[in-house]
Amino acid sequence: MPSDDRNQAGTPRTVPAPDVRPPAVPPERAAHPGQGPAPALREQPPPPAGKPAGGYGAVFAVREFRAVFAAHLLSLLGVVVSELALTVLVYDLTGSPLLSALTFALGFLPYLVGGTLFAGVADRYPARRVLVACDLICAGCVAVMVLPGTPVGGLLALRCLVAAVAPVFTGTRMAALTDILGEGDLYVLGRSLLRLVSQSALLIGFGAGGVLLAALSPRGAITITVGTFLCSAALLRLGTRARPARTGGEGGGALMRDSLAGARVVLADRRIRALMLLFWVPALFVVAPEALAAPYADAIGAGPAALGLLMCSMAVGHIGAELYTGTVLGPRARSRIVLPVAALGLLPLVMFAFRPGMAPTVAALVLAGAGAAYVIGLDQWFVDAVPEHLRGRAMTLLTAGLMTVQGIGMALAGLAAEFFPVHQVVAASGAIGTVCTLVLVAEVRRTGVRYRSARQG
């Protein structure tokens, strides 16, 4: 499935727990009006024998997570390859650069529709059933794409359907991780590993896609994605346990009405809303240098090899910072760095105002990517703030919003570059984004004080 973490330290989770024992149920979660009795605590995985209850090794020691991780890796690599191949196929069929670019953009746009209208699926049906069904739907869509008679309009419609299913899959998987890994540090590190895979897939997948397109036709390369979706479905079906739906049943009114109602409840909570915006707002601005990498490279006289370096610099910074944060820092330290790192993460982009050369530009982009390290702590705050019966919907909405704002950010950066020099647009993105993030940091701090007071009361 397309990832919510592609350009965000993902994109679309945090008070860290020191171990993996089941957390006590806070008073406000003891019962949920209109939901009947509070859901029973999900089974929490014990620390592996002989190993510390922390670190990436402890996450991989959980058998179900290994199946989820392998499924994520397979499907993500397949999606990256298919995106490239489908773009080439549409261009071969039409000769239109606009339609070719639109094919790639359609990977972002339907996220908002799927994430709002179908978010209720994540809580209404058993997670394993939802995940397997999403993979099978996507496999079916891709199988139709490779048929020689499928028209360009059909290819674009199928691309939209796959993109609309993606936030439901990702949100359901994020919520299911709390069942598999608990709600503490193992969950945070599990989410971190999936983000690392997403960032690495960008570096590996497009290269692999180029090699495949040199050996196969675009339709042949797309066919590989059918197999990756089917393998992902098999891994999730055979490698994870069946668990009941979070809302305790599959009925309860129209799905879309339920999804929209859940979104309203989630966004009405001041604490949850502030945390969501802290995921979304930096992602809106941090994509500007990636969206404008080609014109910026041209403006400073850099060649194609330099363009590739610019495109991967932020991913390298993100991967390095996330590995350091997840490996070296403990839960308390990860929690402490959330707000200061979020506040300062976009400042390196301001360096573009001076139109720096290649080396300073790469350094600025690596630092901007490293600023995404705050998300590993924010993950825990988010899962801690969201009631369990809304968790699937909240995480689906988070995913949809994250991918949507990245698409909007790219479009706005491109529009601004029509009227202003590219280096000024990137620098302005860093400056404006920092101001907006500082406002959000203050709001998250205020809601955090009230949230802790409510839990202690």
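**Helix packing and residue environments in a predicted model**

Thr 437 lies in helix α19. This threonine counts as buried, because its relative accessibility is 1% and the limit for burial is under 20%. Beyond the neighbours within four places in sequence, Thr 437 is in contact with Leu 278, Val 281, Pro 282, Ala 342, Ala 343 and Leu 346. Of these partners, Ala 342 will return below, in the packing of α15 against α17.

The structure is a predicted model, and confidence should be considered before the details. The mean pLDDT of the protein chain is 77, with 75% of the residues at 70 or more. Confidence is lowest in helix α4, residues 111–117, where the mean is 64. It is highest in helix α11, residues 270–286, where the mean is 93. Over residues 6–53 the pLDDT stays under 50, and for this stretch the model has 142 contacts beyond four places in sequence.

Helix α19, which spans residues 422–456, also holds His 423 and Gln 424. The two residues differ in accessibility: His 423 counts as buried, at 15%, whereas Gln 424 is partly exposed, with a relative accessible area of 41%. Leaving aside neighbours within four places in sequence, His 423 is in contact with Tyr 296, Phe 352, Ala 353 and Arg 355. Phe 352 is also a reference point for Gln 424: the two are 72 residues apart in sequence, yet their C-alpha atoms are 6.8 Å apart in space.

Arg 355, one of the contacts of His 423, is placed in the loop between α15 (331–344) and α16 (358–370). Its phi angle is near 50°, a positive value in a residue other than glycine. At 44% relative accessibility, Arg 355 counts as partly exposed. A second arginine has another environment: Arg 124, found in helix α5 (residues 121–124), is buried, with a relative accessible area of 5%. The C-alpha atoms of Arg 124 and Leu 390 are separated by 9.9 Å, although their positions lie 266 residues apart along the chain, counted as a sequence separation.

The packing of helices comes next. Two packed helices are described by the angle between their axes and the distance between the axes. For α15 and helix α17 (residues 374–385), the angle is about 120° and the axes are 8 Å apart. The arrangement is therefore oblique, and α15 passes α17 in a left-handed crossing. On the α15 side, the contact is made by Arg 334, Ser 335, Val 338, Leu 339, Val 341 and Ala 342. On the α17 side, the contributors are Tyr 374, Ile 376, Gly 377, Leu 378 and Trp 381. By class, this contact has 8 nonpolar, 2 polar and 1 charged residues. Ala 342 of α15 thus belongs to the contact with α17 and is also among the partners of Thr 437 in α19.

A second helix pair is formed by α2 (residues 63–94) and α9 (residues 218–239), whose axes come within 8 Å and cross at roughly 160°. Because angles over 145 degrees count as roughly antiparallel, α2 is roughly antiparallel to α9. Here too the crossing is left-handed, with α2 passing α9. By class, the contact of α2 with α9 has 19 nonpolar, 7 polar and 4 charged residues.

Key. Residues numbered from 1 in each chain as written. Predicted model: local features only at pLDDT ≥ 70, side-chain atom pairs only at ≥ 80, totals over all residues. Heavy atoms only, no water. pLDDT = per-residue confidence, 0-100. Helix = DSSP H or I, 4+ residues; strand = E, 2+ residues; numbered from the N terminus. Contact = heavy atoms within 4.5 Å. Axes fitted to C-alpha atoms, helices over the stretch in contact; angles between N-to-C directions. Parallel < 35°, antiparallel > 145°, perpendicular 65-115°, else oblique. Left-handed = near helix turned anticlockwise from the far one by under 90°. Nonpolar A, V, L, I, M, F, W, Y, C, P; charged D, E, K, R; others polar. Buried < 20%, exposed > 50% of the residue type's maximum accessible area, 1.4 Å probe, protein only.
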